[in-house]
Amino acid sequence: MKSAVLGGAALAAALAAGLGAFAPAAKAQTSCDRGCLEGFVDRYFKAVMDDDPSEVPLSINVRFTENGQQLPIGEGLWKSMKAAGKYRLFVTDVPAGQVALITTVVEDGRDPSMGIAAAMALRLKIVNGEIAEIEQMVERNEMTAQRIEAMGQPRAAFTTAIPDSARMSRHDIITTANKYFSGMQQNDGKGDYPFAEDCDRYENGGHTTNAAPRPGETRPDPATANNYSATWTCLEQFKSGLLHFVTRIRDRRYVAVDQERGVVMAIAFFDHMAGSTRTFKKPNGETVTAGPTQPWTWYIAEVFKIHDHKIGPIEAFLIHSPYGMNSGWSSYTDGLSDRAQDVTGYHED
């Protein structure tokens with residue numbers, strides 16, 4: 001594989017190719033701008049589709065995982081990807097040199113003209129013009145992939161800039177987003193749930209809040225229902241206390257923060273321990289039983305729009321993983337921790 005630092009003539013060539021301007025960032029690192037970082041995704045996908053790592057600049061110590069498993073460059077999706085989809089929800093972190101997204105792909109055995117067959121979340125870390133880290137989650141489920149692709153373009157909130165005077169610090173964006181995980185973990189309906197009126201969640205392309213009732217059904221009453229409903233608002237779901245069966249949300253890694261747009265991506269695991277944890281009390285004292293009947297873990301990449309210290313639109317990409325699995329990027333201790341971890345590599349002064 002090729003590995004070369006962009007400098008001098010190479011930098012000029014990169015600029016000529018429309019990859020964006022490089023500019024100094026904190027901690028004496030070199031970072032490229034939004035267009036440059038997002039352009040690295042196109043370059044990466046081209047190399048993957050061609051099964052040719054030499055087509056993209058890779059750090060000599062580049063690290064690569066797919067679905068939590070560390071692999072040699074050139075394996076996994078590198079062997080099977082045939083085309084990129086159109087849907088792309090970016091979280092582009094210029095100061096940290098991180099770009100993350102939810103997107104779709106076509107793999108072997110599928111004619112691209114027949115549609116998308118896999119969905120994925122991808123994170124690239126760019127250091128001095130080279131890809132230093134590659135983290136990807138691939139869900140090889142045609143229905144999931146086609147639902148995401150059918151969304152067309154990301155919701156406008158995710159691409160709309162926050163006015164300069166209203167932009168929050170990176171720390172405050174992460175702190176606000178983390179209240180979502182803390183409020184869902186062993187949810188009791190009594191926590192700090194800072195949802196904005198425009199909060200609306202999609203999971204794997206499906207509407208999971210504010211959804212219309214199915215034909216012939218009525219909207220359940222949050223005060224009396226025994227299972228949470230996709231027809232409820234974000235706040236109603238959390239205040240119901242019916243998400244208590246999510247027993248642990250761990251390895252909460254905040255991997256990209258876009259202050260300009262107020263958007264952050266976190267990658268985490270949602271553990272459902274099953275057994276006795278399925279039985280709990282609602283805020284009104286009534287005992288209910290809900291949640292998976294067997295130990296279950298979701299591996300999740302979740303994007304939050306944060307504004308005015310509140311949680312707005314949410315989009316989640318999730319895959320079923322072995323119970324208790326580690327991401328491949330954390331120690332065993334951090335992988336079990338429910339604390340917020342800023343792993344972007346950039347810290348404000």
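Contact here means heavy atoms within 4.5 Å. With that in hand, Ile306 makes a good starting point: leaving out residues up to four places away in sequence, Ile306 touches Ile162, Met168, Ile173, Thr176, Ala177, Gly262, Val264 and Ile311.

A word on the model before going on. This is a predicted model, in which local features need pLDDT of at least 70 and side-chain atom pairs count only at pLDDT 80 or more, while totals for chains, interfaces and linings use all residues. Residues are numbered from 1 along each chain as its sequence is written, and side-chain values use heavy atoms, with hydrogens and water left out.

**The cores**

Ile306 also belongs to the largest nonpolar core, a group of 35 residues. Such a core is a set of buried Ala, Val, Leu, Ile, Met, Phe, Trp, Tyr and Cys residues joined through side-chain atoms within 4.5 Å; buried means under 20% relative accessible area, with a 1.4 Å probe and protein chains only. Tyr180, Phe181, Met184, Phe195, Val264, Phe304 and Ile306 touch the most other members. Elements that each supply at least two residues include α6 (234-239), β11 (248-258) and β12 (263-272), and α5 gives the most, with six residues. A second, separate core has 29 residues, among them Phe40, Leu77, Phe90 and Leu101.

**The seven-stranded sheet**

Helices (H or I, at least four residues) and strands (E, at least two) are DSSP runs, numbered from the N terminus. Two strands pair if DSSP finds at least two bridges between them. One open sheet has seven strands in the order β10-β9-β16-β15-β12-β11-β17, with mixed pairing. At its edges stand β10 (206-207) and β17 (340-342); each has a single partner strand, so one side of each lacks a neighbour in the sheet.

Within this sheet, β16 (residues 310-321) is mostly covered, with ten of its twelve residues buried. Its hairpin with β15 has two residues between the strands, and Asp308 in the turn has a positive phi of about 55 degrees. The table lists pairings from both sheets.

| Strand pair | Sense | Bridges |
|---|---|---|
| β9 (201-203) and β16 | parallel | three bridges |
| β15 (296-307) and β16 | antiparallel | ten bridges |
| β5 and β6 (98-107) | antiparallel | nine bridges |

Some individual partners are easy to find in the structure. In β16, Glu315 stands opposite Tyr202, Leu318 is the bridge partner of Ile300, and Ala316 faces Glu302.

**The six-stranded sheet and its helix**

The other open sheet has six strands, ordered β4-β3-β8-β7-β6-β5, again with mixed pairing. Its edge strands, β4 (69-70) and β5 (81-93), each pair on one side only. Helix α2 (residues 34-50) packs on this sheet and touches β3, β5, β6, β7 and β8. The direction of α2 makes about 160 degrees with that of β5, where axes are lines fitted to C-alpha atoms, for helices over the stretch in contact, and angles run from 0 to 180 degrees between N-to-C directions.

How far does α2 reach from its first C-alpha to its last? The span is 25 Å for 17 residues, close to the 24 Å expected at 1.5 Å a residue. Buried residues of α2 include Leu37, Phe40, Val41 and Tyr44. Just after the helix comes Asp51, with a positive phi near 50 degrees.

How values were computed. Buried < 20%, exposed > 50% of the residue type's maximum accessible area, 1.4 Å probe, protein only. Expected span 1.5 Å × (residues − 1).
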